[in-house]
Amino acid sequence: MKRHRFEPARLVLGLLLLGIGALHVLDAVGEADVSTPVLLVLVPAALLVGAAVAVVTFGCRLVLSNRSAGRKAAVGDARTEADTAARTEAGTEGAKAAGEARTGAGAERAPDSGG
């Protein structure tokens, strides 16, 4: 099974709707005395609570992702300066070595042998 992230709003909404369903069953069996208008009001209320939990979850994830991005950027800035300096130095040395290998540093160029 493919892993997915936890969605608290779905859990809350599912539990609330299960509770409403249980109340309806208890009312139908005669164990509880719950009026139909109350049950009909509880369903939209459960949907609103689920939506509120979804909004709070979204906000928390947004704040946490911004915080982690800020930390990575702060750590990344310090690393980037050091890495850039090292790459620049290594790059110029590597370019010199590559240029020498292409031109055959110290060797004479072969004359064109045109046909």
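This is a short tour of a predicted model, with stops at a helix, the residue after it, and a set of charged side chains.

**Stop 1: helix H1.** Select residues 8–29, which form helix H1. The helix has 22 residues. From its first C-alpha to its last it reaches 31 Å, close to the 32 Å expected at 1.5 Å a residue.

**Stop 2: glycine 30.** Move on to the position just after H1, where glycine 30 has a positive phi of about 105 degrees.

**Stop 3: arginine 5 and glutamate 7.** Go back to the segment before H1, where glutamate 7 lies. Show its side chain together with that of arginine 5: the two form a salt bridge, with an N to O distance of 3.6 Å. Arginine 5 is exposed, at 57% relative accessible area, while glutamate 7 is partly exposed, at 29%.

**Stop 4: arginine 61.** Keep glutamate 7 on display and add arginine 61. Their side chains also meet in a salt bridge, at 3.4 Å from N to O. This pair links distant parts of the chain: arginine 61 belongs to helix H2 (residues 36–103), and 54 residues separate it from glutamate 7. Arginine 61 has a relative accessible area of 28% and so counts as partly exposed.

**Stop 5: the network.** Select Arg5, Glu7 and Arg61 together. Which residues do the salt bridges that share partners join? Arg5, Glu7 and Arg61 are joined into one network. The count of salt bridges in the model comes to two.

How values were computed. Residues numbered from 1 in each chain as written. Predicted model: local features only at pLDDT ≥ 70, side-chain atom pairs only at ≥ 80, totals over all residues. Heavy atoms only, no water. Helix = DSSP H or I, 4+ residues; strand = E, 2+ residues; numbered from the N terminus. Expected span 1.5 Å × (residues − 1). Salt bridge = Lys/Arg side-chain N within 4 Å of Asp/Glu carboxyl O. Buried < 20%, exposed > 50% of the residue type's maximum accessible area, 1.4 Å probe, protein only.
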